[in-house]
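Visitor: I would like a close look at one part of this model. Please take me through the largest pocket and what surrounds it.

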Amino acid sequence: PWLGLLFGILSLALSGFPLSAGFLSKEALLEAMPLYLLLPALLSIFLTPIYSMGLFFRIFPFQKIRSAFRLPAGNVPFFLPLLLLAILSTGWAFSPLQPWNAHESWFFRLFPAGETKGSPYAWLLPVSLMLSFSGIFIAWWRRNQEIPDWPIARTHFGLDALWEDGAKPFLREIASWIPALDRNVLDALIHQLSFRVAGNPDKPTTLSLSRLSADADRTVWDFSIHGIAGIFNTLGNFFRALQSGKTQSYLLISFLVLTLFLLLLLLTGL
């Protein structure tokens, strides 16, 4: 019974029942809608109650709804979202009946107070209400009627044949191409890319990025680093040999440096 009550409230809101959220949003859209869209909009307003309320009347017959609404404790988590949606679907918070800014609601623009002429779309309100109630009445009238057994409905209006004879063979044909595509294109592309990066193990002499990187590391970087280290090592050995701790050696080096300095001055004319 609780599910039937909540389902009924939500179906009425979907059908545009007065002062529900569906009714308010429907009238707001109709007011802002251009004229060339009004006919399909009114058609949807008429058809929506037929299937939404028709579903409600078929699933929840009034004679089977009990007066005692007992909610099993285990189903509370499943009913809370429906209860919240049902409360919001009543539209009280968005209607002219809500306690804040009621007179600024778009609803009152349909019938402005103190004016003899209302909105140019004021006629849409009674028309949309008539269409909604007509759809609800048709759904109630058809609640006990048997669903017609059309032969085309047994095959889901031709969708089964479309799937079996059209889509399924097409998809199977595509599926038969996928292994060959994977083997001949994707795998070959990945293997060639790996050979270019890591090298072909069957052909060690083939050119690859890893082999080029190894050759560059060995011939350029190693040579540069080892060469710089060798230069500083040679300079260190040279200057270390000069630090012998003997006074005679220091005097000899000083004499040689002074002699070279004097020769440089004589050669340069200074």
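Guide: Start with a helix, in what is a predicted model. Along helix 3, the buried residues are Leu38, Ala41, Leu42, Ile45, Thr48, Pro49, Ser52, Met53, Gly54, Phe56 and Phe57. Their cover includes helix 1, helix 2 and helix 5, the last of these running over 124-141. Helix 3 itself covers 38-59. Its length can be checked. With 22 residues at 1.5 Å a residue, helix 3 should span 32 Å. The C-alpha atoms at its ends are 32 Å apart, so the expected span and the model agree.

Now the pocket. The volume of the largest pocket is about 220 Å³. Its lining counts 15 residues. Nearest the centre lie Leu14, Gly22, Lys26, Ser44 and Ile45. Ile45 is also one of the buried residues of helix 3.

Which helices build the wall? Helix 1 (2-14), helix 2 (21-32) and helix 3 each give at least two residues to the lining. Helix 3 provides the largest share, with 5 residues. Helix 1 and helix 2 appear in a second role too, among the elements that cover the buried residues of helix 3.

What is the lining made of, by class? There are 8 nonpolar residues, 6 polar and 1 charged. Lysine counts as charged, and Lys26 is among the lining residues nearest the centre of the pocket.

Look at Lys26 more closely. Lys26 sits in helix 2. Is Lys26 buried or exposed? Its relative accessibility is 10%. The cut-off for buried is under 20%, so Lys26 counts as buried. Its contacts, leaving aside neighbours within four places in sequence, are Gly16, Ile45, Ser128 and Ser132. Take Ile45 among these contacts: Ile45 is in turn one of the lining residues nearest the pocket centre. Ser128 and Ser132 fall within the range of helix 5, 124-141.

Step back to the chain. The protein chain has 9 helices and 0 strands. Read along the sequence, the pattern is α-α-α-α-α-α-α-α-α. Of the 270 residues, 21% are buried. Take the contacts between residues at least 6 apart in sequence: 67% of them join residues at least 24 apart. The accessible surface comes to about 20300 Å², and carbon and sulfur atoms hold 72% of that area.

Terms used:
Residues numbered from 1 in each chain as written. Predicted model: local features only at pLDDT ≥ 70, side-chain atom pairs only at ≥ 80, totals over all residues. Heavy atoms only, no water. 1 Å grid on protein atoms, 1.4 Å probe; cavity = no way out; pocket = protein on both sides within 12 Å on 5 of 7 lines; lining within 4 Å. Points joined across faces, edges and corners; volume = space filled by probe spheres on them. Helix = DSSP H or I, 4+ residues; strand = E, 2+ residues; numbered from the N terminus. Buried < 20%, exposed > 50% of the residue type's maximum accessible area, 1.4 Å probe, protein only. Contact = heavy atoms within 4.5 Å. Expected span 1.5 Å × (residues − 1). Areas by Shrake-Rupley, 256 points an atom, 1.4 Å probe, with all protein chains shown as cover.
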